[in-house]
Amino acid sequence: MEKSIDELTTSELGTLEYWEKTYSLEIENFQDHSDVGEVWFGTDSSIKIVKFISTRLSLSKESDRIIDVGCGNGMTLVDFAKAGYENLIGVDYSQKAIDLARKVVNEEGFPTIKLQVHDIIAPVNVCEDHEFQFKLAHDKGTYDAISLHPHDPGDKRKRYIRNVHKILSDGGFFALTSCNWTKDELIEHFKDYFQLVHELPSKTFSFGGQTGNKITQLIFVKK
Ligand SMILES: C[S@@+](CC[C@H](N)C(=O)[O-])C[C@H]1O[C@@H](n2cnc3c(N)ncnc32)[C@H](O)[C@@H]1O
């Protein structure tokens, strides 16, 4: 029997307005003193997952296409590029995030990284858009943000899961970093579409003056 899922307490972090406001400020900070802004879940969380992908998953750095879903300031894409990945695209539903990411990736010396405004829960038709097919989808904090949406977060999470599944090619991987859901909860949410292949050792990070927040980093393969 399908287990019912307790949704999270909703928050403004689930809204586009919040992210547009946040990235507008971060653009100003970046222009004033080259500060890339909030690094979600600490500086080494994306480096760790990129290192795992680079050493343990057999992806071609030249040809396999990688998407960062909800790329924010683009710093995870920079980590992928530094590890030698060449076929990178970042999408975010906030135009301001994409504007900031463009500045950051150019400044870091990776102007060929593609960036596009795209809402991951909007309908996708991959048959019509062959460009929108990937070997690996990466998400750090975006599924978490969607789970906090004030209106019907359960439906939005399900649309997210179906869309990420759709945009991956057969045998494609999905790398997820979350601080709002546990490993067991994520396995349950994704079980119809993805199989867990690896869990990175969990770590803690500090946020908003609070220490001891725990993150879960999982690698799934498309079913
Ligand atoms: C916690 S931030 C993480 C940003 C980035 N991944 C990082 O690690 O710095 C969540 C991001 O998800 C984006 N986002 C939220 N809902 C989205 C959606 N439906 N489609 C695309 N991006 C979304 C937000 O704009 C924000 O950039």
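Let's start from the outside: the protein chain exposes about 10900 Å², and carbon and sulfur atoms supply 49% of that area. Keep in mind as you look around that this is a predicted model.

Now for the overall build. The protein chain has seven helices and seven strands. Followed along the sequence, these elements come in the order α-α-β-α-β-α-β-β-α-α-β-α-β-β. The radius of gyration of the protein chain is 16 Å, close to the 17 Å that the globule rule gives for 223 residues, so the chain is as compact as a globular protein of that length. If you draw a box along the principal axes, the C-alpha atoms fill roughly 55 × 40 × 35 Å.

What about the inside? Of the 223 residues, 48% count as buried. Among the contacts in the protein chain with a separation of 6 or more, 74% are between residues 24 or more positions apart. As for charge, the chain carries 26 positive and 35 negative charges, and the mean positions of these two sets are 5 Å apart.

A good place to zoom in is strand S4, residues 134-140. Six of its seven residues are buried, so S4 is largely enclosed by the rest of the structure; buried here means under 20% relative accessible area. You can trace two of its pairings. Strand S1, residues 66-69, runs parallel to S4 and is joined to it by three bridges. To find this pairing on your screen, look for Asp68, which stands opposite His138 in S4. Strand S5, residues 168-178, also runs parallel to S4, and here six bridges make the connection. Asp139 is a handy marker for this pairing, with Leu176 in S5 as its bridge partner. While you are looking at strands, remember that in a regular strand the side chains alternate between the two faces of the sheet.

Finally, let's visit two loops, each with a backbone detail to look at. Ser34 lies in the loop between helix H1 (16-33) and helix H2 (44-56). Its phi is near 55°, a positive value in a residue other than glycine. Ser34 has a relative accessible area of 47%, so this residue is partly exposed. Further along, Asp152 sits in the loop between helix H5 (142-147) and helix H6 (153-167). Asp152 is not a glycine either, yet its phi is positive, at about 50°. Is Asp152 buried or exposed? Its relative accessibility is 51%, and the cut-off for exposed is over 50%, so Asp152 counts as exposed.

Conventions: Residues numbered from 1 in each chain as written. Predicted model: local features only at pLDDT ≥ 70, side-chain atom pairs only at ≥ 80, totals over all residues. Heavy atoms only, no water. Buried < 20%, exposed > 50% of the residue type's maximum accessible area, 1.4 Å probe, protein only. Helix = DSSP H or I, 4+ residues; strand = E, 2+ residues; numbered from the N terminus. Pairing = 2+ DSSP bridges. Rg over C-alpha atoms; globule rule 2.2 N^0.38 Å. Contact = heavy atoms within 4.5 Å. Areas by Shrake-Rupley, 256 points an atom, 1.4 Å probe, with all protein chains shown as cover. Lys, Arg positive; Asp, Glu negative; His and termini not counted. Charge placed at Lys NZ, Arg CZ, Asp CG, Glu CD.
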